[in-house]
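The report below walks a new reader through one protein chain, beginning with its cysteines and ending with its surface. Please keep the sequence and the structure in view while reading.

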Amino acid sequence: MKQIFNIGDSQVFRRVVENGDTAAFQGAVVHPVCATFALARDIEWTTRQFVLQMREDDEDGVGTMLTINHVNPAFVGDEITYSAQIEEVNGNELICSYEARVGDRLIASGKTGQKVLKREKINRLFRI
């Protein structure tokens, strides 16, 4: 794993909320706003940008944790800006904090964890 980032370094990702991002279960829309699980997908993608640059050719990242404090809605058509910062690098584990905002309005915040492992080890772990 390349040690190319410092504590406080950041990544930004933007995504417009689409109909497929709304809270729907069993084909029925519960609320016409961005679902927490859609936020999770984009939060993980944002923090993965660090891993994609840090990993060696024979490595990849696996998620170890994700917390989401979902405090406000984001509506279909809103652009969410995801900003992630490195909080800690402990050996091969990366801990990030993040915020998701529509303009100045906070949508969600929390933390993610990822470990960078050899692909061979990941393949062994995922064989069931």
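The sulfur of Cys-34 lies 20 Å from the closest cysteine sulfur, which belongs to Cys-96, and this is too far for a bond, because a disulfide needs the two sulfur atoms within 2.5 Å. Cys-96, for its part, takes part in no disulfide, and the count for the structure comes to 0 disulfides. Cys-34 is buried, with a relative accessible area of 4%, and Cys-96 is buried as well, at 0% relative accessibility. These values, like the others in this report, come from a predicted model.

**The chain as a whole**

The chain has 2 helices and 8 strands, and from the N terminus on its elements run in the order β-β-β-α-β-β-β-β-β-α. Along its principal axes the C-alpha trace spans about 40 × 35 × 20 Å. Of the 128 residues in the chain, 38% are buried, and the accessible surface comes to about 7300 Å², with 50% of that area belonging to carbon and sulfur atoms. Among the contacts between residues at least 6 apart in sequence, 67% join residues that are at least 24 apart.

**The nonpolar core**

Which residues touch the most other members of the largest nonpolar core? In this core of 22 residues they are Cys-34, Leu-39, Phe-50, Ala-74, Ile-80 and Leu-94. The elements that contribute two or more residues to this core are α1, β6, β7 (93–102) and β8 (105–118), and the largest share, 6 residues, comes from α1. Ala-74 shows how such a core residue is surrounded, since, leaving aside neighbours within four places in sequence, Ala-74 is in contact with Val-17, Val-33, Cys-34, Ile-80, Val-102 and Ile-107.

Strand β6 (residues 79–90) also holds Thr-81, which is buried, with a relative accessible area of 19%. When residues up to four places away in sequence are not counted, Thr-81 touches Val-12, Phe-13, Arg-14, Glu-99, Ala-100 and Arg-101.

**Salt bridges**

Side chains of opposite charge can pair when their charged atoms come close. The structure holds 11 salt bridges, including the three in the table.

| Salt bridge | Closest N to O | Relative accessibility |
|---|---|---|
| Asp-42 and Arg-15 | 3.8 Å | Asp-42 5%, Arg-15 22% |
| Arg-55 and Asp-60 | 3.1 Å | Arg-55 21%, Asp-60 17% |
| Glu-120 and Arg-124 | 3.2 Å | Glu-120 59%, Arg-124 46% |

The salt bridge of Asp-42 and Arg-15 links distant parts of the chain, with Asp-42 in helix α1 and Arg-15 in strand β1 (residues 10–16), 27 residues apart. Asp-42 is buried, whereas Arg-15 counts as partly exposed. Both residues also belong to a network of salt bridges in which Arg-15, Asp-21, Arg-41 and Asp-42 are linked.

In the salt bridge of Arg-55 and Asp-60, Arg-55 counts as partly exposed, while Asp-60 is buried. How far apart along helix α2 are Glu-120 and Arg-124? Because they are 4 residues apart in that helix, Glu-120 and Arg-124 are separated by about one helical turn; Glu-120 is exposed and Arg-124 partly exposed.

**The surface and the chain end**

Phe-25, Val-30 and Phe-37 form a nonpolar patch on the surface, with about 300 Å² of accessible area together. Phe-37, found in helix α1 (residues 36–54), counts as partly exposed at 42% relative accessibility, a value that lies between the 20% under which a residue is buried and the 50% over which a residue is exposed.

Gln-26 has its place in the loop between β2 (22–25) and β3 (28–34), where the residue is exposed, with a relative accessible area of 84%. Most residues other than glycine have a negative phi. The phi of Gln-26, in contrast, is near 55°, a positive value in a residue other than glycine.

Leu-125 lies in helix α2 (residues 119–126) and is exposed, with a relative accessible area of 52%. Its C-alpha atom is separated by 34 Å from that of Glu-18, and Leu-125 and Glu-18 are 107 residues apart along the chain.

Terms used:
Residues are numbered from 1 along each chain as its sequence is written. This is a predicted model: local features need pLDDT of at least 70, side-chain atom pairs count only at pLDDT 80 or more; totals for chains, interfaces and linings use all residues. Side-chain values use heavy atoms; hydrogens and water are left out. Buried means under 20% relative accessible area, exposed over 50%, partly exposed in between (1.4 Å probe, protein chains only). Contact means heavy atoms within 4.5 Å. Patches are made of residues with over 30% relative accessible area and no salt bridge: like charges are joined within 9 Å, nonpolar side chains (Val, Leu, Ile, Met, Phe, Trp, Tyr) within 5 Å. Accessible areas come from the Shrake-Rupley method with a 1.4 Å probe; for residues, only the protein chains shown count as cover. A salt bridge is a side-chain nitrogen of Lys or Arg within 4 Å of a carboxyl oxygen of Asp or Glu. A nonpolar core is a set of buried Ala, Val, Leu, Ile, Met, Phe, Trp, Tyr and Cys residues joined through side-chain atoms within 4.5 Å.
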